[in-house]
Structures are given as C-alpha cells and as structure tokens.
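Subject: The structure I promised you

Hi,

Here is the model we talked about, ready to open in your viewer. Have a look at it first, then read my notes underneath.

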Amino acid sequence: MSIGKLIIQDLRNIESVSVELHSDLNFIIGDNGSGKSSLLEAIFYLGHGKSFRSSKVENLLQHNKASFTVSAKTNKDCQMGVRKIFHGQSAANTEIRINGEKQTKFSVLAKNIAVQVITPESFKIFFGGPKQRRRFIDLGLFHVKHSFSDHWKEFSRILKQRNACLRSKTSGSTLTYWTDVFIDSSQVIADLRAGYVEELTNELSYWLKIMLPSVSNEIVIQYLQGWNSKKSLFDVLQQYKEKELSYGYSLFGAQKFDVRFLLNGASIDNQLSRGQQKLFLLALTFAQAKLIERVNLVKPILLIDDVGAELDIHSRALLNNAIAEIECQVIVTAIDKAAVEQLVPQKENYKMFHVKHGKLSVMSE
Ligand SMILES: Nc1ncnc2c1ncn2[C@@H]1O[C@H](COP(=O)(O)OP(=O)(O)OP(=O)(O)O)[C@@H](O)[C@H]1O
C-alpha cells in the first residue's frame, strides 16, 4: 500500500495541502519550522490516530481552527480519511471513513495502512525506558499476528481486574481467580511475542548486513517476557504475593516485557555511536516493515524525519542501499537537498517537494 493523493487541512501549520506522492520515494525539503514534520504527522495520524511527538492530539490542530482533516487515496484505490472535530478545551469527535463508509474505530484504518516513523529523537527514546520498545514490538505484533489484538484486549481487561483486587487488598478466592486467568493470558501473550521477536531477529540480520555490516553478526535481540524465564509465572506470583499486595498492582506478567539489543553480550547503546544507533533503529524498522508486508501484503509506509541528523555521508549511502531494497513507500524530510544527495536514485524514480510556510510545491532539478 502506498499513498497517492494526500489531502491535509488545518493540521499544525498546514492550512491546506493537496499533493500527489510518489509510490516509492519522496523527499520533503524545507527550512526549520517550514512544516516538514507536520506533513509526516498528518500521515502518521492516519495510521495511528495520534501524534508521534505529542501525547495530546489537540496539538495537531491548527491554532484558531475547530477541526483538522487528513485523507488519502492509496495505489489500491482505497480512499480513507479522518476528521477530528474539537469542541472547546477537551472533548473531540473523530469521523473516520474508508471508501465512503463510516467507521467507528481507528483499528480498522490501521489494518489498511501501516505507518512507521523514525525521528532524530526516536533512538534516544528507544534506548531509554521500555515504553517505546514495548510499543514498537506490539505494533509489529498487531500487524503480523492477527490474533494478538484480541488477546491483548482480553489480557488488559484481566490485568485491570487483578490490579483492582491487589489495590483493595482483596486476597482469597477472588484474587486466586484473577491470578489464574492472568497467568494463562500472560503466557499466551508471551508466546506470541517470543515468536514475533524470533521472526524479527531473523529479518533484522538481513537489514543489519546492509546498514551496519561491521557488527551485523554480533547483534542479538534478547526477549524478556516479564518474569523470570526459568520459573513459571505461577511460582513467581506465589513468591511475591505479599509484595504485590503491598504495592497494589501486578509486578510481573506480560505487561512487564522488554527487549534488549546486545552487541557481544552488552547493551548496544553503550557501544555504538549515535549515528550507528540510528542506523540500527532504521534496520530494525525496515525489518519490521518487511515482516508486516510479508504477512499482510500491505506495504508499510516509512517516514524518516530529518534524515541528515546524525548520519554522515557514508551512513547515508548505506541507508540509500536499504531504501533501494525495501520496496515500501518512503518519505524522507531534510533541511536541504545536500542532506539527501546520497539518497537520490539514479533513475528519476522519486519526487522531491519543497515546503515553505506549510505549503508544498514540486521541486524542479
Ligand atoms: N497547532 C499549530 N498551529 C499552527 N502552527 C503550528 C502549530 N503547531 C506548530 N506550529 C508551527 O508549525 C511550524 C512547522 O513545524 P514543523 O515541526 O512541521 O517544522 P519542520 O519543518 O519539521 O521544522 P524542523 O526542521 O525545525 O524540525 C512551526 O513553525 C510551528 O511553530
């Protein structure tokens, strides 16, 4: 899947844009504050129903406007659109349409369009707390293992109930019941994730060979399921029953999973340079995109914001090799043409746009 026509209205500094994107590769060039990231925000919103930079969706709304709209026509003739309408400070309505039909859930849109973004901040966040890593892995699972979404909803419901018991210090049969179902549900989620991480690891090695060839054979993904892998979750919860009751929430289980990226057995963020970390994250994202494509037959859309940041000429050339290989729609932003010089293909198989004050124009050579 790739986006052909993209229409954006009243999103950040973009008042009105209607543009025909290239199905493979697009460059968005513009000064700081011109609206490059806003354009990526619009596409990301279509795939995720949220912003990639802010937890508040109202930050996407252009000042003094009451709604914003993003719509796209894909190369498969699928027309999809979202309008977010705000009423005063907090409440907002979301109107979602696919091929003219009203939809109530973003997940329906997300099944039709898989969008992944890499920004200069991504790698810092990614190697920081576990939140981003969990989100990344579960996004892949959502697209690749179709039963995951229902299992995850069920797990979240059970976790809530179990936490309510622990919070209110309800021990006895009610806690036993919720603990039993929590264990079963955690195991289902953990098995799905373990399978997915294994697939991702295999795919990653292919992309690392292209983007980080010098260390590609030494990098592994370590999966931490959320409790000691040498013990059953039942035994762990027995052992820490009092501790969980005193904390008032579940300390172990599938909600606590994480992944570590190791180079020769030690965390890669202490060993790779920032540019290499960015290449690693790109390789990981490309690997995930490829898995999504293989299973869904929907080509993900990759957004790379400010590609020049952290990457030297050599690294950009490596990224170029990966972009040539990925066969997904790629949208790259940069502050000037020089930053994308190594990424521009020989054949004119791309489009380059200039953005200024939230307006887009096709750039001539
Ligand atoms: N809600 C909003 N309404 C109107 N304008 C906004 C809103 N939020 C941000 N802006 C403005 O939009 C402009 C574009 O921001 P954006 O992040 O897209 O820039 P950019 O081209 O990616 O710049 P940089 O290269 O610095 O990252 C900024 O000048 C910002 O002040």
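Below is what I found, starting with the annotated site and moving on to the helix packing and a few single residues.

One thing to keep in mind throughout: this is a predicted model.

**The annotated site**

The UniProt record, an unreviewed entry, puts a "binding site" feature at G30, D31, N32, G33, S34, G35, K36 and S37. I looked at two of these residues in more detail. G30 sits in the loop that runs between β3 (25-29) and α1 (36-48), and D31 is in the loop between β3 and α1 too.

Are G30 and D31 buried or exposed? G30 has 22 C-beta neighbours inside 10 Å, so it counts as buried. D31 has 13 C-beta neighbours inside 10 Å and therefore counts as partly exposed.

If you click on G30 and skip its neighbours within four places in sequence, you'll find it in contact with G35, K36, H354, V355 and K356.

Another residue of the annotated stretch, S37, turns up again in the contacts of D305. D305 is in the loop between β12 and α10, and it is buried because 24 other C-beta atoms lie within 10 Å. Not counting residues up to four places away in sequence, D305 touches S37, L40, V117, I118, T119, P120 and T333. For a sense of distance, D305 and A266 are 39 residues apart in sequence, and their C-alpha atoms are 29 Å apart in space.

**Helix packing around α9**

Next, try colouring α9, residues 274-296. I have three helix pairs for you that involve it: with α6, with α4 and with α10.

Take α6 (residues 173-211) to begin with: its axis and that of α9 come within 8 Å and cross at roughly 130°. That angle makes α6 oblique to α9. The crossing is right-handed. On the α6 side, the contact is made by E199, L200, E203, L204, W207, L208 and M211, and on the α9 side by L279, L282, A283, L284, F286, A287, Q288, K290 and L291. By class, the residues of this contact split into 12 nonpolar, 1 polar and 3 charged.

Then there is α4 (residues 130-144), which packs with α9 at an angle of about 15°, the axes being 9 Å apart. With that angle, α4 is roughly parallel to α9. The crossing of these two is left-handed. Here G140, H143 and V144 in α4 meet Q288, L291, I292, V295 and N296 in α9. How many residues of each class does this contact have? The contact of α4 with α9 has 4 nonpolar, 4 polar and no charged residues.

Last of the three is α10 (313-326). The axes of α9 and α10 are 11 Å apart, and the helices pack at an angle of about 5°, so α9 and α10 are roughly parallel to each other. G275, L279, L282, F286 and A289 of α9 make the contact with S315, L318, L319, A322 and I326 of α10. That contact divides into 8 nonpolar, 2 polar and no charged residues.

If you compare the residue lists, L279, L282 and F286 of α9 appear in the contact with α6 and also in the contact with α10. Q288 and L291 of α9 appear in the contact with α6 and also in the contact with α4.

**A few single residues**

Two backbone angles caught my eye. Most residues other than glycine have a negative phi. N99, however, has a positive phi, near 50°. It lies in the loop between β6 (92-98) and β7 (101-103), and with 11 C-beta neighbours inside 10 Å, N99 counts as exposed.

The other one is E310, which is not a glycine either but has a positive phi of about 75°. You'll find E310 in the loop between β12 (301-304) and α10, and it is partly exposed, with 16 other C-beta atoms within 10 Å.

Finally, D150 is part of helix α5 (residues 148-167). It has 9 C-beta neighbours inside 10 Å and so counts as exposed. D150 and Q132 are 18 residues apart in sequence and 21 Å apart in space, C-alpha to C-alpha.

Cheers

Methods: Residues numbered from 1 in each chain as written. Predicted model: local features only at pLDDT ≥ 70, side-chain atom pairs only at ≥ 80, totals over all residues. UniProt positions renumbered as here; feature names shortened; annotations may be inferred. Helix = DSSP H or I, 4+ residues; strand = E, 2+ residues; numbered from the N terminus. Buried ≥ 20, exposed ≤ 12 C-beta atoms within 10 Å, placed from the backbone. Contact = placed C-beta atoms within 7 Å. Axes fitted to C-alpha atoms, helices over the stretch in contact; angles between N-to-C directions. Parallel < 35°, antiparallel > 145°, perpendicular 65-115°, else oblique. Left-handed = near helix turned anticlockwise from the far one by under 90°. Nonpolar A, V, L, I, M, F, W, Y, C, P; charged D, E, K, R; others polar.
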